[in-house]
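Hi,

Here is the structure I promised to pass on. Have a look at it first, and my notes on what turned up follow underneath.

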Amino acid sequence: MTAALPFFVYGTLRPGEVNHDLLLRGRTLAEEPALLPDAVLYAGPGYPYAVHAPGGTVTGDLVTAHPWAYDALLAELDRLEEYRPGDPHTLYERVERATVLRAAGGPPVRAWVYLAGPVVAARLRAHGEQIEGGDWRAGRR
């Protein structure tokens, strides 16, 4: 059974971006600016990848789905991110992080985050272009 956690999004799923409009619009209870500690962001072809890295910070949004939409939305996001549990070649891995921080303050929040899969993360660490400051939107300007 999968815990019904909010999602930390940092790329095309952020409010105002193309995949937010396609998948999340009208299906969320709350969307608020947030930070993901201990991760860095890499540029990808068309979308970013977050990779675990102590001391780094990624800027994004914490998105809470309506309960009636949660299960279908989780399945759609897993498909979008090409998440395949147990496959080391998966594009992204959906992981639970207990330390997502609301930009407005308060205690850390547990949330699902799609991080680069193991093979992708290794390639990015070796040859990727890191987005300075950890904010995909700011890096595109």
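Before the overall picture, one definition: the radius of gyration here is taken over C-alpha atoms, and the globule rule is 2.2 Å times the number of residues to the power 0.38. Please also keep in mind that this is a predicted model.

**The whole chain**

With 141 residues, the rule puts a compact globule at a radius of gyration near 14 Å, and the chain has 14 Å, so the two agree. Along the principal axes, the C-alpha atoms fill a box of roughly 40 × 35 × 25 Å. Buried residues make up 48% of the 141. The chain exposes about 7,200 Å², with carbon and sulfur atoms supplying 56% of that area.

As for secondary structure, there are 4 helices and 5 strands. Starting at the N terminus, their order is β-α-β-β-α-β-β-α-α. Taking the contacts with a separation of 6 or more, 69% are between residues 24 or more positions apart.

**The strands**

Strand β2 covers residues 28-42 and runs antiparallel to β3, with 13 bridges joining the two. Strand β3 itself spans residues 49-65. One of the pairings to look up is Y42, whose bridge partner in β3 is Y49. The β2-β3 hairpin has 6 residues between its strands, and G46 takes a positive phi near 95° there.

β2 also pairs with strand β4 (residues 92-102), again antiparallel, through 2 bridges. Here L35 has L101 in β4 as its bridge partner.

**Salt bridges**

Side chains of opposite charge can pair when their charged atoms come close. In this model the count comes to 9 salt bridges. Three of them are worth clicking through.

Start with R14 and D61, where the closest N and O atoms are 2.6 Å apart. R14 sits in the loop between β1 (7-9) and α1 (18-24) while D61 is in strand β3, so this pair ties together parts that are 47 residues apart in sequence. Are the two partners buried or exposed? The cut-off for buried is under 20% relative accessible area. R14 has 6%, so R14 is buried. D61 comes in at 7%, so D61 counts as buried too. The pair also belongs to something wider, since R14, D61 and D135 are linked in a network of salt bridges.

D61 has other company as well. Apart from its neighbours within four places in sequence, D61 is in contact with F7, F8, V9, R14, P15, E32, P33 and A34. With the side chain of R14, the D61 side chain makes a polar contact at 2.6 Å.

Next is R25 with D21, where the closest N and O atoms are 2.4 Å apart. Exposed means over 50% relative accessible area, and partly exposed lies between the two cut-offs. R25 has a relative accessible area of 55%, so R25 is exposed. D21 has 35% and is therefore partly exposed.

The last of the three is R84 with D87, with 2.9 Å between the closest N and O atoms. R84, at 37% relative accessibility, counts as partly exposed. D87 is partly exposed as well, with a relative accessible area of 25%.

**V113**

One more residue to find in the viewer is V113, which is in strand β5 (residues 109-116). How much relative accessible area does V113 have? The value is 0%, so V113 is buried. Which residues is V113 in contact with, leaving aside its neighbours within four places in sequence? The list is F8, Y10, L36, E93, R94, V95, R97 and V100. L36 is 77 residues away from V113 along the chain, yet their C-alpha atoms are separated by 8.9 Å.

**Where to look**

If you only have a few minutes, I'd open these views:

- R14, D61 and D135, for the network of salt bridges.
- Y42 and Y49, bridge partners in the β2-β3 pairing.
- V113 in β5, with a relative accessible area of 0%.

Cheers

Notes: Residues are numbered from 1 along each chain as its sequence is written. This is a predicted model: local features need pLDDT of at least 70, side-chain atom pairs count only at pLDDT 80 or more; totals for chains, interfaces and linings use all residues. Side-chain values use heavy atoms; hydrogens and water are left out. A polar contact is a pair of N or O atoms within 3.5 Å; within protein, one must be able to donate a hydrogen and the other to accept it, and residues adjacent in sequence count only if both atoms are side-chain atoms. Contact means heavy atoms within 4.5 Å. Two strands pair if DSSP finds at least two bridges between them. A salt bridge is a side-chain nitrogen of Lys or Arg within 4 Å of a carboxyl oxygen of Asp or Glu. Buried means under 20% relative accessible area, exposed over 50%, partly exposed in between (1.4 Å probe, protein chains only). Accessible areas come from the Shrake-Rupley method with a 1.4 Å probe; for residues, only the protein chains shown count as cover.
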